[in-house]
Amino acid sequence: MPHSSVPAIPAAVSAKSAAFEALGSLDTQAFLARLLSQQTPFGELAVVSSFGAESAVLLHLVATLNSQTRVVFLDTGFHFPETLAYRDELIDRFGLEGAQIIGIDPLSEKRYDEAGTLHQRDPDRCCAVRKVQVLKRALRPYGGWISGQKQFHSTERAWLERVEWDDIYATWKFNPLADWSADRIASYQAEHRLPPHPLVSEGFPSIGCEPCTSRVMGGEDIRAGRWRGQDKLECGLHRNPNVIAVSSR
Ligand code: SF4
């Protein structure tokens, strides 16, 4: 179900759409295995992980298939200490040899947010310089990126598809867990005894930067605690209408 009012996929890349036909019918593991094999028209892909509440599932799947896969963590400088410790724990436990921690370059930080208060005045700008620009730099060598987004996280993500053209980064984006339910996530975590993020049991089912994340109450969307009280729903990494769904589930 493509999102409405999205730009068209550039003609130069639309030819690759045929490759989706071969991927569309695969189960999650097989789909991911194909992506990581580099035997697709997309070449080498990077996994981008926040090492958040459910990240262990995708990271475990990736580590099982190819532990040398590039796994990018965007260090905004504002993560909870629990997230940084959890990141290190998962990298070590899963043997993620291709893990890469990347943050804002010092010159940009000095120019845009030397005092570290931009998130209070202009969170969109803060996300742009601490996440979006950093990810653009990190993705330069890759043919696309793999995300752990899921449809059930919010109404804004209900349209999510497995394969998308990402107009922000002018690259392909893959969401292998797009149609996974909360129950399926929980079952996989239990079956493989994956360690939980320590903040989940504290009332944080979605975990971003500390100043912009609050506890979620019963009945709220999983992402209701992100930028609470603001119009902002996404950090810019996954923003509509810059993303075009090009696969069917
Ligand atoms: S989530 Fe908040 S602190 Fe993190 S980059 Fe965005 S605005 Fe800045």
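Which residues does Val62 touch, not counting residues up to four places away in sequence? Keep that in mind while you load the structure, which is a predicted model.

**Stop 1: Val62**

Select Val62. It touches Leu32, Leu36, Val47, Thr69 and Val71, leaving aside residues up to four places away in sequence. Val62 is itself one of the buried residues of α4.

**Stop 2: helix α4**

Now select residues 55-65, helix α4. Eight of its eleven residues are buried, so the helix is largely enclosed by the rest of the structure. Colour the buried ones: Ser55, Ala56, Val57, Leu58, Leu59, Leu61, Val62 and Ala63. Then show what covers them. The cover includes α3 (28-37), β1 (45-48), β2 (71-75), α5 (81-94) and α9 (182-191).

**Stop 3: the nonpolar core**

Stay here and widen the view. The largest nonpolar core has 41 residues. Pick out Leu45, Ala46, Val47, Leu59 and Val62, which have the most contacts inside this core. Helix α4 supplies the largest share, seven residues. As background, nonpolar side chains in soluble globular proteins tend to be buried together.

**Stop 4: Ala53**

Step back to the loop between β1 and α4 and select Ala53. Is Ala53 buried or exposed? It has 20 C-beta neighbours inside 10 Å, so it counts as buried. Next, add Phe204. The two residues are 151 apart in sequence, yet their C-alpha atoms are 7.8 Å apart in space. Phe204 has company around Ala53. Not counting residues up to four places away in sequence, Ala53 touches His197, Val200, Phe204, Pro205, Ser206 and Ile207.

**Stop 5: strands β4, β5 and β6**

Select β6, residues 171-174. Strand β4 (residues 144-146) runs parallel to β6, and three bridges join them. Find Ile146; its bridge partner in β6 is Phe174. Now add β5, residues 163-166. β5 pairs with β6 in the antiparallel sense, over four bridges. Here Val163 stands opposite Phe174. Phe174 is thus a good residue to label: it partners Ile146 and faces Val163. Follow the chain from β5 to β6. The two strands form a hairpin with four residues between them. In the turn, Ala170 has a positive phi of about 50°.

**Stop 6: the ligand**

Finish at the ligand. Which residues come nearest? Of the 13 residues around the ligand, they are Pro123, Cys126, Cys127, Cys209 and Cys212. Select helix α8, residues 123-139. This helix gives the most to the shell, five residues. Colour the shell by class: eight residues are nonpolar, three polar and two charged.

Terms used
Residues numbered from 1 in each chain as written. Predicted model: local features only at pLDDT ≥ 70, side-chain atom pairs only at ≥ 80, totals over all residues. Near = placed C-beta within 6 Å. Nonpolar A, V, L, I, M, F, W, Y, C, P; charged D, E, K, R; others polar. Buried ≥ 20, exposed ≤ 12 C-beta atoms within 10 Å, placed from the backbone. Contact = placed C-beta atoms within 7 Å. Core = buried A, V, L, I, M, F, W, Y, C linked by C-beta atoms within 7 Å. Pairing = 2+ DSSP bridges.
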